[in-house]
Amino acid sequence: LEAHELVHKLLGQLKPEDRLVIQLLDLEQKTIAEISALTGWNTSLVKVRAFRARRKLQKLFQELKRKEHS
């Protein structure tokens, strides 16, 4: 339950478009092509958004860990 809450807390800090691509790609296991069809974004944009959103999530998670250890 804690991990589930953490994921939603971190996702809530992303831009709506980034949150959507992570939710579809990683949580709902949609393909890049499916996401492209759903959103109207080309496949390159889906990949770039996913990469940047994951990087942002990693940064947010690291900041959270740092705060907990302080």
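The following exchange concerns helix H2, its surroundings and the nonpolar core in a predicted model.

Author: This is a predicted model in which local features need pLDDT of at least 70 and side-chain atom pairs count only at pLDDT 80 or more, while totals for chains, interfaces and linings use all residues. Residues are numbered from 1 along each chain as its sequence is written, and side-chain values use heavy atoms, with hydrogens and water left out.

Reader: What confidence does the protein chain average?

Author: The average pLDDT (the predictor's confidence in each residue, from 0 to 100) is 95, and 99% of the residues score at least 70. Among the elements, H1 has the lowest mean, 90, and H3 the highest, 98. Helices here are DSSP runs of H or I with at least four residues, strands are runs of E with at least two, and both are numbered from the N terminus.

Reader: Why is Val-21 called buried?

Author: Buried means under 20% relative accessible area, exposed over 50%, and partly exposed in between (1.4 Å probe, protein chains only). Val-21 has 0% relative accessibility, and therefore counts as buried.

Reader: Why is Asp-18 buried or exposed?

Author: Its relative accessible area is 12%, so Asp-18 is buried. Asp-18 lies in helix H2, whose buried residues also include Ile-22, Leu-24 and Leu-25.

Reader: What covers the buried residues of H2?

Author: The cover includes helix H1 (2-11), helix H3 (32-39) and helix H4 (43-69). Contact means heavy atoms within 4.5 Å. Leaving aside neighbours within four places in sequence, Asp-18 is in contact with Arg-49 and Ala-53. On that same basis, the contacts of Val-21 include Ile-35, Trp-41, Val-46 and Ala-50.

Reader: What makes a set of residues a nonpolar core, and which residues have the most contacts inside the largest one?

Author: Such a core is a set of buried Ala, Val, Leu, Ile, Met, Phe, Trp, Tyr and Cys residues joined through side-chain atoms within 4.5 Å. The largest has 14 residues, and those with the most contacts inside it include Leu-11, Val-21, Ile-22 and Leu-57. H1, H2 and H4 each give two or more residues to this core, and H4 gives the most, with 5. Beyond its neighbours within four places in sequence, Leu-57 is in contact with Leu-10, Leu-11, Leu-14 and Ile-22.

Reader: Why is Gln-29 called exposed, and what is its phi?

Author: Its relative accessible area is 59%, so Gln-29 is exposed. Gln-29 is in the loop between H2 and H3. Its phi is near 60 degrees, a positive value in a residue other than glycine. Most residues other than glycine have a negative phi.
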